[in-house]
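Please read the following walk through one protein alongside its sequence and coordinates. The path goes from the overall fold to confidence, and then to the surface.

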Amino acid sequence: MKTKRISAIILSLFIILILVLVFANVTQPVAANTATLSLQTTPTPQAGDRSVIGSTDGILVMGIVIVLIVTLPLLFRKKGK
């Protein structure tokens, strides 16, 4: 009976904490709204193309190494029995 009471208290405190955090995030101060109105918006500069042809070769090699690390011990274990 005591564990049910403790569990109920912990659950209710958790729900209250979640509600307080949600309420704190939903309500915004008025000063923050007026500050954002006075800021000027500038367009985002276009990013240059930084991709290099064949840049996924390292990912392929790492994938093969991972597959070998996993499969080779399994193969050697079966041969040992």
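Which pattern does the protein follow, read along the sequence? The pattern is α-α-α, and the count of elements is 3 helices and 0 strands.

This is a predicted model, and confidence varies along it. The mean pLDDT for the protein is 77, with 69% of the residues scoring at least 70. Among the elements, helix α1 has the highest mean pLDDT, at 87, whereas helix α2, residues 30-38, has the lowest, at 57.

Turning to solvent exposure, the protein has 81 residues, of which 0% count as buried; the cut-off for buried is under 20% relative accessible area. About 8,300 Å² is exposed in the protein, and 72% of that area comes from carbon and sulfur atoms.

One feature of this surface is a nonpolar patch of about 860 Å². Its members are L11, F14, I15, L17, I18, L19, L21, V22 and V26. Of these, L11 lies in helix α1, which spans residues 2-26. Helix α1 is also the element with the highest mean pLDDT.

Key
Residues are numbered from 1 along each chain as its sequence is written. This is a predicted model: local features need pLDDT of at least 70, side-chain atom pairs count only at pLDDT 80 or more; totals for chains, interfaces and linings use all residues. Side-chain values use heavy atoms; hydrogens and water are left out. Patches are made of residues with over 30% relative accessible area and no salt bridge: like charges are joined within 9 Å, nonpolar side chains (Val, Leu, Ile, Met, Phe, Trp, Tyr) within 5 Å. Accessible areas come from the Shrake-Rupley method with a 1.4 Å probe; for residues, only the protein chains shown count as cover. A salt bridge is a side-chain nitrogen of Lys or Arg within 4 Å of a carboxyl oxygen of Asp or Glu. Helices (H or I, at least four residues) and strands (E, at least two) are DSSP runs, numbered from the N terminus. pLDDT is the predictor's confidence in each residue, from 0 to 100. Buried means under 20% relative accessible area, exposed over 50%, partly exposed in between (1.4 Å probe, protein chains only).
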